[in-house]
Amino acid sequence: MALAIRLLAAFFSKGYGFHDDHFDVIRVAQNWLYGLPHWLESPLPPKHSMPYAAVNAGFMWVAQALGLHDPIHKTTFLRIIHAFYSLLTIYYAYRITEQISTVKSAIKVGWVLCVLWFMPFMSVRFMAEMVCIPPILAGFYFILKSGADTRNSLKNALIAGVLFGISFTFRMHVVLFAGALGIVLLFEKRWKESLFIILGFVFCITLTIGLPDYWYFEYPFQYIVYYFTYNGANAYNYITSSPFKFLLTTFGFLVPPVSLMLMMGYIKSRKIAPHLFWAVLLFFIVHSTFPNKQERFILPMFPFLIIMGVAGWSYFRESSSFWQRKQRLERGCWNFFWWANVIAALALALTYSKKDRVAPIHYLSGKPELTSLIVESGTNKLKQVPVYYLGRMAADYNDFEKGDVLGMNDFKVNKRHLKDSFPFVFTLRADQEVSELRDQMQSVNKVPNYVIFKGRENLEGRMAKVNELFPSQKLILEREIEPSLFDKLLRVLNPRRHRDKVALIYRLIDEKH
């Protein structure tokens with residue numbers, strides 16, 4: 001069932017969920033396949049996982065070898081890979097619950113992770129917060145296994161350390177889980193196991209982070225140093241909120257009233273599995289106190305919370321006279337939970353996220369006559385354009401100016417960007433002068449022949465502004481692309497953050513035509 005819903009999401013949930021899962025994974029991976037040293041010409045390492053981008057680059061190479069060259073087809077192929085990979089989350093969550101509780105509780109944990117409304121959708125996104133979950137769960141499974149199998153305890157601890165290292169390579173915040181586990185093991189005086197976990201962890205991150213940093217940047221593990229120093233210095237430059245935000249997020253994400261039952265179960269689970277209990281608590285407290293609060297940051301916590309919540313609630317319910325009398329009420333709560341989550345999970349699995357940004361660019365990928373294009377926002381802000389979906393080597397002019405981050409230094413030196421086969425994407429905001437855009441076009445010797453207008457507000461005035469650049473040409477409407485229903489809903493719920501609009505694709509042709 002989990003695979004079925006995730007494959008639905010893989011095939012139908014096109015686009016991308018967040019900025020990072022496209023621009024810091026897919027764009028980078030494709031640029032590496034093009035031979036562009038994206039990130040690698042910069043004096044500082046990126047703030048995102050290079051190994052994860054490299055894994056995706058490898059799968060994209062396989063997709064191309066299989067004849068999949070359309071950008072939508074390649075990302076669909078990657079989502080299918082992620083769908084199968086995400087099943088490991090359910091497998092290891094089941095195995096952990098089986099060890100600390102009953103088979104009945106393990107089955108329930110598996111079903112919750114199978115249909116929880118955001119899990120199928122998020123599982124096929126290219127998000128470090130999701131891909132780090134299977135190895136960290138597997139690591140805890142081997143630690144619990146080492147406690148039960150003393151003959152192989154050091155071997156299991158070493159395997160757990162390597163798995164923690166893999167998870168850390170994808171998402172460094174998971175070190176909080178491993179750190180809390182280490183403290184519990186020290187209190188239990190399991191010195192040797194702690195040492196072998198550290199050895200496995202250090203060995204893994206030396207291969208995945210230390211050596212690449214030494215090769216491409218200044219010194220080993222520079223990525224780790226830069227990541228934490230940057231985020232510490234810029235803690236208030238992103239989304240900030242109350243320390244209680246993640247408590248409310250957890251309450252909502254797990255769907256009340258069952259979320260209350262699971263949170264109570266977690267509280268009651270300290271004696272059942274202290275390793276997991278303290279790992280979740282430390283992770284949650286640190287993220288709640290750190291100023292930068294984005295909901296996706298706590299996604300790695302949910303499988304652990306569900307494991308502990310179900311196991312703890314089962315333990316609590318058996319000793320509660322109230323819930324022994326109110327079993328019908330409990331069944332009603334769970335029935336509501338199952339129906340609400342199945343409906344929401346299926347709806348999200350069929351959602352085309354960021355359609356108004358992706359679909360217009362992908363439409364132009366089928367236009368071999370495209371020379372370059374302009375994206376006009378009609379406002380003073382414009383979201384970054386996903387140039388990847390043009391299906392060919394191209395560049396956003398704003399990225400091109402950054403040079404080393406995009407890996408375009410060689411292009412600039414050898415004038416490779418001046419070739420007719422290399423299109424540029426220019427942007428035009430409401431507060432931007434036409435002369436500025438004209439200078440940008442002339443600097444790279446490009447003349448766009450397509451324009452994408454975002455939204456219909458004051459369209460005639462905006463078209464007149466573009467016509468100042470092309471007085472001998474006229475704009476002909478080719479295609480209108482509406483945002484997806486999901487994007488429209490997000491805009492209704494939060495218009496300040498979600499400004500998805502209809503995309504109007506115009507072609508520039510000579511007046512005589």
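**Close-up views of a predicted model**

**View 1. Strand β4 and strand β6 pair in the antiparallel sense.** The pairing of β4 with β6 (residues 503-510) runs over 5 bridges. K454 has A503 as its bridge partner in β6. The model shown here, and in every view below, is predicted.

**View 2. Strand β1 pairs with β4 in the parallel sense.** β1 covers residues 373-376, and 4 bridges link this strand to β4. Opposite I374 stands V451 of β4.

**View 3. Strand β4 is largely enclosed by the rest of the structure.** β4 spans residues 450-454, and 5 of its 5 residues are buried. Side chains in a regular strand alternate between the two faces of the sheet. In β4, Y450, I452 and K454 point one way. V451 and F453 point the other way. Both sets are buried.

**View 4. The largest nonpolar core holds 121 residues.** The residues with the most contacts inside this core are F140, F164, F177, L276, L364, L373 and L390. Helix α16 (residues 302-318) gives the largest share of this core, 10 residues. A second, separate core has 29 residues, among them L406, V434, L437 and L469.

**View 5. F177 and its contacts.** F177 is one of the residues with the most contacts inside the largest nonpolar core. Leaving aside residues up to four places away in sequence, F177 touches I136, F140, A279, V280, F283, P300, M301 and F304. One of these partners, F140, is also listed among the residues with the most contacts inside that core.

**View 6. E330 is a buried residue of helix α18.** Helix α18 runs over residues 327-349. The relative accessible area of E330 is 6%. Buried means under 20%, so E330 counts as buried. Which residues does E330 touch, not counting those up to four places away in sequence? They are M261, W313, R317 and W323.

**View 7. A nonpolar patch lies on the surface.** L8, F11, F12, L346 and L350 make this patch, with an area of about 450 Å². Helix α1 (residues 2-12) supplies the largest share, 3 residues. L8 sits in helix α1. Is L8 partly exposed or buried? L8 is partly exposed, with a relative accessible area of 31%. Patch residues need over 30%, so L8 passes that cut-off.

Methods. Residues are numbered from 1 along each chain as its sequence is written. This is a predicted model: local features need pLDDT of at least 70, side-chain atom pairs count only at pLDDT 80 or more; totals for chains, interfaces and linings use all residues. Side-chain values use heavy atoms; hydrogens and water are left out. Patches are made of residues with over 30% relative accessible area and no salt bridge: like charges are joined within 9 Å, nonpolar side chains (Val, Leu, Ile, Met, Phe, Trp, Tyr) within 5 Å. Accessible areas come from the Shrake-Rupley method with a 1.4 Å probe; for residues, only the protein chains shown count as cover. A salt bridge is a side-chain nitrogen of Lys or Arg within 4 Å of a carboxyl oxygen of Asp or Glu. Helices (H or I, at least four residues) and strands (E, at least two) are DSSP runs, numbered from the N terminus. Buried means under 20% relative accessible area, exposed over 50%, partly exposed in between (1.4 Å probe, protein chains only). Contact means heavy atoms within 4.5 Å. Two strands pair if DSSP finds at least two bridges between them. A nonpolar core is a set of buried Ala, Val, Leu, Ile, Met, Phe, Trp, Tyr and Cys residues joined through side-chain atoms within 4.5 Å.
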